[in-house]
Amino acid sequence: MSQIPSVVMKYVVMSTFEATVLGIVQGLTEFLPISSTAHLRIVPAFANWPDPGAAFTAVTQLGTLTAVLVYFRKDLWNIARALLAGIGDPEKRSRVEFKLGIYIILGTIPIAILGLAFKDQIETTARSLYVIGTTLVVFGVILGIADVLGKHRRGIESLTPKDGALLGLAQALALIPGVSRSGATISAGLFLGLERAAAARYSFLLSIPAVVLSGLFELRKIGGEGSVGFIPTAIATVLAFAFGWLSIAGLIRFLQRRSTLVFVIYRVGLGVLVLALAASGAID
């Protein structure tokens, strides 16, 4: 009598408590310039939990994406209307909303191409705590330099095609855990002379297509072998939405009055701590 081979699926076991904590962490850190990807790797390491993986990170970002869509619904509606109007009427292509829509689309191309080209490295070696610790420090310093040297005079309506291309390239750096999507694009915006709040606002709008593509691409892996199950991922994604909305509103108000110094100090301090603990073997 022939035996039917059994297939045992190996999942990353995650409790409801872990999913709750990581969902809150994702929501709070996605839009702050401190790297949500890094925190979804660091927090489990500190708590001695398994690494939830790149797929879990990408899918929970769909929760924070929803927060962006809700918060900027009027802006996005105006951009969508301007794009449709501009397609049929060349005279309407001079509108700020049309230009922003084009810049966002073009700015997504670099991260889409590089994300596909280096997806294996992003999901494996790039998640090393040494890589994350280093990028937290280096790009924290870059953020500080950008804030000091930036003129903080330009609004989002002053963006040019060159600015859009540079901001798109900056966003692509966020494929490396620890860089931070918002951190990289806000830094680039500050170097280009944008006001802090304007740089953050454009950073959030620019992130939408990239997060959609990344989340949908990784969604197929959830529930599969080596991934976190559906229920923990769903819990984390819902919480990421709620806390992501709070994070957006809080950061924009904060940057209207203050500099990014607190984030620079936090990034450098956390990066040094991660490198020290990883080198000593205290975290793996």
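**Loop, helix and core residues in an all-helical predicted model**

L173 is found in the loop between α8 and α9, the latter spanning residues 181-191. In this predicted model, L173 is partly exposed, with a relative accessible area of 38%, and, when residues up to four places away in sequence are not counted, L173 touches F139 and V179. The C-alpha atoms of L173 and A45, which are 128 residues apart along the chain, are separated by 23 Å.

The fold around this loop consists of twelve helices and zero strands, so that a reading along the sequence gives the pattern α-α-α-α-α-α-α-α-α-α-α-α. For a chain of 284 residues, a compact globule would be expected to have a radius of gyration near 19 Å, and the value of 20 Å computed for the protein agrees with this expectation. Taken along the principal axes, the C-alpha atoms fill a box of roughly 75 × 50 × 30 Å. Among contacts with a separation of 6 or more, 80% are accounted for by residues 24 or more positions apart.

Of the 284 residues, 49% count as buried. The accessible surface comes to about 13,700 Å², and 68% of this area belongs to carbon and sulfur atoms. With regard to charge, the protein has 24 positive and 16 negative side chains, the centres of the two sets lying 6 Å apart.

In soluble globular proteins, nonpolar side chains tend to be buried together. In the present model the largest nonpolar core holds 40 residues, of which F72, L159, Y202, F204 and I248 touch the most other members. Helix α10, comprising residues 196-219, gives the most to this core, with eight residues. Leaving aside neighbours within four places in sequence, I248 is in contact with F31, A67, V68, Y71, F72 and F204. Apart from the largest core lies another core, of ten residues, among them A38, L129, L270 and A278.

Two of the residues that touch the most other members of the largest core, L159 and Y202, also appear among the contacts of L167. L167 is found in helix α8 and is buried, with a relative accessible area of 1%, which lies under the 20% limit applied to buried residues. Beyond its neighbours within four places in sequence, L167 is in contact with L159, T185, A188, G189, L192, Y202 and L206. By comparison along the chain, L167 and G86 are 81 residues apart in sequence and 23 Å apart in space, C-alpha to C-alpha.

A charged side chain is also found among the buried positions: R41 lies in helix α2 and is buried, with a relative accessible area of 12%. Excluding neighbours within four places in sequence, the contacts of R41 are D51, R127, L129, I132 and D284. One of these, L129, is also listed among the members of the ten-residue core.

Two residues other than glycine carry positive phi values. Phi of S35 is near 75 degrees, and S35 is placed in the loop between α1 (16-29) and α2 (36-47), where S35 is buried, with a relative accessible area of 3%. Phi of H152 is near 55 degrees; H152 is placed in the loop between α7 (129-149) and α8 (161-172) and, at 22% relative accessibility, counts as partly exposed, because the value is not under the 20% limit for burial.

Further residues illustrate how positions distant in sequence are arranged in space. F230 is found in helix α11, which covers residues 230-255, and at 57% relative accessibility F230 counts as exposed; F230 and F56 are 174 residues apart in sequence and 9.7 Å apart in space, C-alpha to C-alpha. V96 is located in helix α5, which covers residues 96-117, and counts as partly exposed at 34% relative accessibility. V96 and I156 are 60 residues apart in sequence, with a C-alpha to C-alpha separation of 8.9 Å.

Terms used. Residues are numbered from 1 along each chain as its sequence is written. This is a predicted model: local features need pLDDT of at least 70, side-chain atom pairs count only at pLDDT 80 or more; totals for chains, interfaces and linings use all residues. Side-chain values use heavy atoms; hydrogens and water are left out. Helices (H or I, at least four residues) and strands (E, at least two) are DSSP runs, numbered from the N terminus. The radius of gyration is taken over C-alpha atoms; the globule rule is 2.2 Å times the number of residues to the power 0.38. Buried means under 20% relative accessible area, exposed over 50%, partly exposed in between (1.4 Å probe, protein chains only). Contact means heavy atoms within 4.5 Å. Accessible areas come from the Shrake-Rupley method with a 1.4 Å probe; for residues, only the protein chains shown count as cover. Lys and Arg count as positive and Asp and Glu as negative; His and the chain ends are not counted. The place of a charge is taken as NZ of Lys, CZ of Arg, CG of Asp or CD of Glu. A nonpolar core is a set of buried Ala, Val, Leu, Ile, Met, Phe, Trp, Tyr and Cys residues joined through side-chain atoms within 4.5 Å.
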